[in-house]
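This report concerns the arrangement of domains and the pairing of aromatic rings in one protein. The sequence and structure are shown below.

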Amino acid sequence: MNQNLYSFLASHFPKNPAAPSMILPDGRVWTYGDIERASGRMANLIVSLGLRPGDRVAAQVEKTPEALVLYLAAIRAGMVFLPLNPAYQRQELDYFLNDATPGLFVCRPQMRALADELAAKAGVPHVIELDDDGRGSLIAAAAPQPDGFDTIVRTTADLAAILYTSGTTGRSKGAMLSHGNLAHNAQTLHAYWHFQPGDVLLHMLPTFHVHGLFVACHCVLLNGSAMFFEPKFDLARAMKLLPQATVFMGVPTYYVRLLLNPAFGRDTCRNIRLFVAGSAPLLKETFDEFRARSGHTILERYGMTEGGMFTSNPYDGERRGGTVGHPLPGTAIRIVGADGTAVRTGVVGNIQVKGDNVFVGYWGMPEKTREEFTADGFFKTGDMGSWDADFYITISGRSKDLVITGGLNVYPKEIEELIDAMPGVVESAVIGLPHPDFGEAVSAVVVRQKNPAGAALTEAAIISAIKGQLANFKVPKWVYLVDQLPRNAMGKVQKSILRQQYSAMPDR
Ligand code: AMP
């Protein structure tokens, strides 16, 4: 049997090729037949350029239906798809092209000159354009190609995609995902989240990342149903489309922004059956407020580029705020201490995962790959977390965000939760900054509310509020008040930027 992921997805497409797949902001509709034909033409084009199965197809393009079809065409033709954040500039592109050596680079017209220069240097033979409206030389070149294409036979172990990790420290690593990895996670999520006939997903996530490209699109395609395919999160568009959708997937910031709109409420969500959140921690406060305002309990899940989703709160059972739920079927999880043995309930340790969804390794980094797996095949996620008595997992942060002060471990989340609960605080990020005596000093960067409570907040008040609640070594030595925290496209707070910025603060 052909284990190409595209064959697996297509075997679930609706019998009627006129069934809608993507509904666009301007009202145009892509049908499942359109997807089959357009991906067939593009697959034929890719093969006609001389690319061979296993070659990489890199794409730095905006989110459009054509961009999604390019992904499907690449895997259909047996190529390895490599999506790149459109925000990447010269240095990043130079690194990715040299590292992954794609046979084809699809770029935006405004990046063409740079793309040609870097492609020539990296030995990338073909550069072609796809613009932000889904037009360009890629589409023109594919147009005369036949619609039909026999999907290339792949095994579960063959590579389907390489996604570069956000790389907050050191070099960004290319996580290699196989057809089997992606199919396994797609099937698991589709079943676990009870996708059903007639579902309509509101898709506002970017498609260069695991959340928007794999989690959201695969569930929809496997379900053979429709999605509102929006270029990005936009509050007004979300308010308009949510009443027509049954499923919404978002990063926590989307939920925060919905709650900031007084018009958002039960009526907005009248047809929704499932809200999913992930990619960054969802504050318990947001979880609670969302439930009160909308009548819906957000389902939070946890995963990463290196394997898709690992855990999920239950669909039917209790969804517990502040937790990421249980291991998904087919994913084994263990949480271990520094000595490698399993921790007890309530004790924070390193999260390790194993399963058919867990990636094959880092592209061109066999050494690094070996380091990140245990002898018995578990992947060390780099996330810290704990079990509760009912086997719900709580994430405490990344191990590299752990602050070690005077030899004692401090988990930023414990302090962030206390600060966030103070009147006048929007949110906070706790980091370790170099300190001559302690090695690292616990430091807090705090966003104030724009109201009298926020204005009244001082560094000293925050420090004294935490004293007495927590052991002294956990009390921030330095507090910085700011207007906002730096975040990446997936809503993750970029602590590396904060560490860099505040390490050099003259007032320290
Ligand atoms: P990425 O590979 O960009 O998807 O980032 C994965 C990382 O995001 C994980 O290793 C976690 O640190 C973090 N993450 C994902 N989902 C959650 C969640 N629900 N709660 C807390 N952190 C999360």
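The following paragraphs treat the domains, one contact between domains, and the aromatic pairs.

The model is predicted. According to the domain assignment, the protein divides into four parts: domain 1 (5-13 + 31-154), domain 2 (193-297), domain 3 (301-399) and domain 4 (403-503). Domain 1 is thus given as two segments of the chain.

**Contact between domain 2 and domain 4**

The C-alpha centres of domain 2 and domain 4 are 30 Å apart. Domain 2 contributes 11 residues to the contact, and domain 4 contributes 6 residues. The size of an interface is often expressed as the accessible area lost when the parts come together. Between domain 2 and domain 4, the buried area is about 700 Å², and carbon and sulfur atoms supply 65% of it. On the side of domain 2, the most area is lost to domain 4 by Thr253, Ser279 and Leu283, which together account for 39% of what that side buries.

The side of domain 2 that touches domain 4 comprises 6 nonpolar, 4 polar and 1 charged residues. Between domain 2 and domain 4 there are 0 salt bridges, and 1 residue pair is in polar contact, with both residues at pLDDT 80 or more.

**Aromatic pairs**

The structure contains 23 aromatic pairs. The table gives two of them, including one edge-to-face and one stacked pair.

| Pair | Geometry | Centre to centre | Angle between planes |
|---|---|---|---|
| Tyr6 and Phe13 | edge-to-face | 6.0 Å | 90 degrees |
| Tyr480 and Tyr502 | stacked | 4.3 Å | 25 degrees |

Both partners of the edge-to-face pair are classed by their accessibility. Tyr6 counts as buried because its relative accessibility is 2%, and Phe13 is likewise buried, with a relative accessible area of 8%.

Definitions and conventions:
Residues are numbered from 1 along each chain as its sequence is written. This is a predicted model: local features need pLDDT of at least 70, side-chain atom pairs count only at pLDDT 80 or more; totals for chains, interfaces and linings use all residues. Side-chain values use heavy atoms; hydrogens and water are left out. Domain bounds come from an automatic or database domain assignment. Contact means heavy atoms within 4.5 Å. Buried area is the accessible area (1.4 Å probe) that two parts lose on being put together, summed over both. A salt bridge is a side-chain nitrogen of Lys or Arg within 4 Å of a carboxyl oxygen of Asp or Glu. A polar contact is a pair of N or O atoms within 3.5 Å; within protein, one must be able to donate a hydrogen and the other to accept it, and residues adjacent in sequence count only if both atoms are side-chain atoms. Ala, Val, Leu, Ile, Met, Phe, Trp, Tyr, Cys and Pro count as nonpolar, Asp, Glu, Lys and Arg as charged, and the others, Gly among them, as polar. Rings of Phe, Tyr and Trp (its six-membered ring) pair if their centres lie within 6.5 Å; planes under 30 degrees apart count as stacked, over 60 as edge-to-face and the rest as tilted. Buried means under 20% relative accessible area, exposed over 50%, partly exposed in between (1.4 Å probe, protein chains only).
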